[in-house]
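Visitor: I'd like to go through this one and ask how each label is earned.
Guide: Sure, let's have it in front of us.
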Amino acid sequence: MSRKVLVLGEVRDGSLRNVSFEAIAAAKTISEGGEVVGVALGSDVSGFGESLIQYGADRVVTVAHPSLAQYTSDGFSQALLGVIDSEKPEGIVLGHTALGKDLAPRIAGKLDSGLVSDVTSLEETGGNLVFTRPIYSGKAFEKKIITDGLVFVTIRPNNIDALEKDGGRTGDISSLDVDIKDLRTIIKDVVRKASEGVDLSEAKVIIAGGRGVKSEEGFEPLKELADVLGGAVGASRGACDADYCDYSLQIGQTGKVVTPDLYIACGISGAIQHLAGMSNSKVIVAINKDPEANIFKVADYGIVGDLFEVVPLLTEEFRKLKVGSN
Ligand SMILES: Cc1cc2nc3c(=O)[nH]c(=O)nc-3n(C[C@H](O)[C@H](O)[C@H](O)COP(=O)(O)OP(=O)(O)OC[C@H]3O[C@@H](n4cnc5c(N)ncnc54)[C@H](O)[C@@H]3O)c2cc1C
């Protein structure tokens with residue numbers, strides 16, 4: 001059954017987040033040959049429509065309004081509901097990001113619709129669209145089908161491959177006027193703590209440090225390795241609690257959930273609450289002095305050793321490989 005599917009393009013720091021392109025790929029599967037319509041919301045949406053089309057959207061609807069300069073639940077839900085009312089889609093896809101986690105349930109509630117959140121894969125089997133999502137902090141997976149109404153999902157970043165960008169792809173970009181009013185909150189300012197470098201939740205490579213790094217300075221070798229690999233630095237709660245780094249780097253049950261291609265855990269014991277945030281990473285490398293550390297149970301490659309010796313060696317070797325390939 002072909003469907004019209006809306007995809008919200010999520011903007012951060014003036015650029016579309018990669019998860020928006022992954023959402024388009026998911027929407028293509030959900031649409032089953034129907035139309036995929038990108039949606040761009042903001043105070044200035046110029047340029048976003050073209051990008052969404054180059055990554056596979058058939059056309060794009062934009063809503064530009066001064067109240068959409070920063071994300072608010074009120075403003076964005078009014079704008080997105082306006083687009084939904086005008087387009088009458090049969091499916092909606094958002095990223096399972098801080099924004100998506102806030103906005104999607106609100107929209108689903110307003111539409112009296114179901115919602116499958118945190119989807120890591122989807123497939124068409126026996127005439128049904130089957131959505132897979134992790135449960136119990138990643139210890140199990142459930143498969144869900146939607147039996148009635150809107151196919152409304154949020155997808156976990158870094159799990160569904162975006163389509164190849166096609167710079168020559170064109171499509172209609174239209175603007176919609178939505179009356180956005182009675183906002184109960186207004187963002188006056190956004191102060192970011194860890195804004196430098198690669199966004200942790202979308203990073204393809206993460207070098208994470210635990211209590212084993214021993215100090216704030218102990219993170220320096222990890223940052224160097226992350227720089228060489230074009231990755232981001234993350235941390236266990238142990239490292240955050242010890243004040244070696246900011247809580248914005250925390251990965252785990254009460255931190256960020258990440259699924260990079262490569263996760264290098266340095267001096268992290270592998271507590272269940274940490275594994276909840278990273279065990280679905282594609283390749284896990286653990287560096288720990290203790291051969292009995294729990295982290296080795298989920299690691300694809302384990303290095304028993306002192307991280308202060310191993311990490312600089314890895315950095316040196318990766319640097320050589322990089323120079324060799326240039
Ligand atoms: C409700 C709740 C929620 C929680 N949420 C989270 C969460 O979101 N994320 C999270 O991470 N934790 C979370 N925790 C905490 C979790 O239980 C652990 O306490 C924490 O993950 C431990 O951090 P760690 O592995 O860095 O420290 P430790 O457990 O102290 O491990 C340090 C490791 O470093 C190794 N090491 C030491 N020196 C070196 C060296 N030089 N080279 C190599 N290895 C070395 C040691 O062998 C050890 O394995 C939560 C706990 C609770 C109760």
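What follows is a short chat about the ligand, its pocket and a cavity.

Guide: Before we start, this is a predicted model, where local features need pLDDT of at least 70, side-chain atom pairs count only at pLDDT 80 or more, and totals for chains, interfaces and linings use all residues. Residues are numbered from 1 along each chain as its sequence is written, and side-chain values use heavy atoms, with hydrogens and water left out.

Visitor: What makes a residue count as being around the ligand?
Guide: One of its heavy atoms has to lie within 4 Å of the ligand. There are 26 such residues, and Arg211, Ser236, Thr254, Ser269 and Asn288 come nearest.

Visitor: Why is the pair between threonine 254 and the ligand called a polar contact?
Guide: A polar contact is a pair of N or O atoms within 3.5 Å. A polar side-chain atom of threonine 254 lies 2.6 Å from a ligand nitrogen, so the pair qualifies. Serine 269 passes too, with a polar side-chain atom 2.7 Å from a ligand oxygen. At glycine 267 a polar backbone atom is 3.0 Å from an oxygen of the ligand.

Visitor: How much of the ligand does the protein cover?
Guide: It covers 76% of the 1000 Å² of accessible area that the ligand has on its own, by the Shrake-Rupley method with a 1.4 Å probe.

Visitor: How do you know which pocket the ligand sits in?
Guide: A molecule sits in a pocket if more than half of its atoms lie within 2 Å of the pocket's grid points. By that test the ligand sits in the second largest pocket. That pocket holds about 280 Å³ of space. Of its 18 lining residues, the closest to its centre are Ser236, Arg237, Gly238, Ala271 and His274.

Visitor: What makes up that lining by residue class?
Guide: Three nonpolar, 13 polar and two charged residues. Asp, Glu, Lys and Arg count as charged, and Gly is among the polar ones.

Visitor: Why is a space called a cavity and not a pocket?
Guide: On a 1 Å grid over the protein atoms alone, a cavity is where a 1.4 Å probe fits but cannot get out, whereas a pocket is an open set with protein on both sides within 12 Å along at least five of seven lines; lining residues have an atom within 4 Å of a point. The structure holds one cavity of 30 Å³ or more. The largest cavity has about 40 Å³ of space, and its lining includes Leu8, Glu10 and Val19.

Note on methods: Polar contact = N/O pair within 3.5 Å; in protein donor to acceptor, adjacent residues only side chain to side chain. Points joined across faces, edges and corners; volume = space filled by probe spheres on them.
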